[in-house]
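Please walk me through this structure in connected prose, beginning with the space it leaves open and then turning to the chain as a whole and to some of its details.

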Amino acid sequence: MNLYVLRHGLARERNGREYANDDERPLTAKGVERMIRQVKGMRALGLTMDVIVTSPLVRAAQTAEIVHGGLRKPGRLVTSDALRPSEHPASLLEELSSEYSSEDDVMVVGHEPHLSGLISVVVAGQHGAVIRVKKGALCKLVAPRPSYGRCGWIEWHLTSRQQIKMG
């Protein structure tokens with residue numbers, strides 16, 4: 001499986017008065033505009049997806065919708081609680097193995113530090129971060145059989161700026 005790991009775009013700041021529930025924080029206008037430009041870079045790479053799996057939090061769901069709307073072949077778009085920031089990467093890896101093992105190209109859209117933990121488990125076999133995923137960054141992992149523990153490797157990692165330049 002080609003597993004594309006995408007962190008959500010630029011989001012509104014945490015503000016207890018405006019967003020009492022952090023799950024509701026949306027992308028900023030700049031975050032939306034940058035993600036649209038990033039998708040052009042993804043298209044230039046020829047990326048297609050069989051499925052895009054997103055966190056239910058607003059900023060990740062908005063990011064996933066932009067990607068889904070911009071790819072030539074976006075596949076289906078699904079939401080998963082296994083991508084909530086509080087979840088352990090084991091939950092997502094179990095879901096990927098049970099629900100999407102027949103898919104070739106899967107994108108997950110989520111949050112830090114969850115995504116760096118996921119990459120660390122796949123690449124190094126342990127949860128301690130081996131990589132930092134900045135907002136809008138996209139990492140391609142190859143995980144022939146997704147499971148908890150070392151099961152794959154990093155093919156490439158692109159910042160949001162690099163993706164924009166490619167588009």
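The largest pocket in this predicted model holds about 240 Å³ of space. Of the 15 residues that line this pocket, those closest to its centre are Arg7, His8, Arg14, Arg25 and Lys135. Sorted by class, the lining of the largest pocket consists of nine charged residues, three polar ones and three nonpolar ones. As for how such space is found in general, rolling a probe the size of a water molecule over the atoms shows where empty space is left.

Turning from the pocket to the fold of the chain, one can count five helices and six strands. Followed from the N terminus onward, these elements come in the order β-α-β-α-β-α-β-α-β-β-α. The radius of gyration of the chain is 15 Å, close to the 15 Å that the globule rule gives for 167 residues, so the chain is as compact as a globular protein of that length. Taken along the principal axes, the box that the C-alpha atoms fill is roughly 40 × 35 × 25 Å.

The contacts and the surface add to this picture. Among the contacts in the chain with a separation of 6 or more, 71% are made by residues that stand 24 or more positions apart. Buried residues account for 50% of the 167 residues in the chain, while the area that the chain exposes comes to about 8,000 Å², with carbon and sulfur atoms supplying 45% of it.

Two places along the chain may be looked at in detail. One is Pro113, which is found in the loop between strand S4 (105–110) and helix H4 (114–124); the peptide bond that leads from Glu112 to Pro113 is cis, with omega near 0 degrees.

The other place is Leu45, in the loop that runs between helix H1 (29–44) and strand S2 (51–54). Is Leu45 buried, partly exposed or exposed? With a relative accessible area of 35%, Leu45 is partly exposed, because that value lies between the 20% under which a residue counts as buried and the 50% over which a residue counts as exposed. Which residues does Leu45 touch, once its neighbours within four places in sequence are left aside? Leu45 is then in contact with Trp156, Leu158 and Met166. Leu45 and Gly167, although 122 residues apart in sequence, are 8.7 Å apart in space, counted from C-alpha to C-alpha.

Notes
Residues are numbered from 1 along each chain as its sequence is written. This is a predicted model: local features need pLDDT of at least 70, side-chain atom pairs count only at pLDDT 80 or more; totals for chains, interfaces and linings use all residues. Side-chain values use heavy atoms; hydrogens and water are left out. On a 1 Å grid over the protein atoms alone, a cavity is a set of points where a 1.4 Å probe fits but cannot get out, and a pocket is an open set with protein on both sides within 12 Å along at least five of seven lines; lining residues have an atom within 4 Å of a point. Grid points are joined across faces, edges and corners, and a volume is the space filled by probe spheres set on the points. Ala, Val, Leu, Ile, Met, Phe, Trp, Tyr, Cys and Pro count as nonpolar, Asp, Glu, Lys and Arg as charged, and the others, Gly among them, as polar. Helices (H or I, at least four residues) and strands (E, at least two) are DSSP runs, numbered from the N terminus. The radius of gyration is taken over C-alpha atoms; the globule rule is 2.2 Å times the number of residues to the power 0.38. Buried means under 20% relative accessible area, exposed over 50%, partly exposed in between (1.4 Å probe, protein chains only). Contact means heavy atoms within 4.5 Å. Accessible areas come from the Shrake-Rupley method with a 1.4 Å probe; for residues, only the protein chains shown count as cover.
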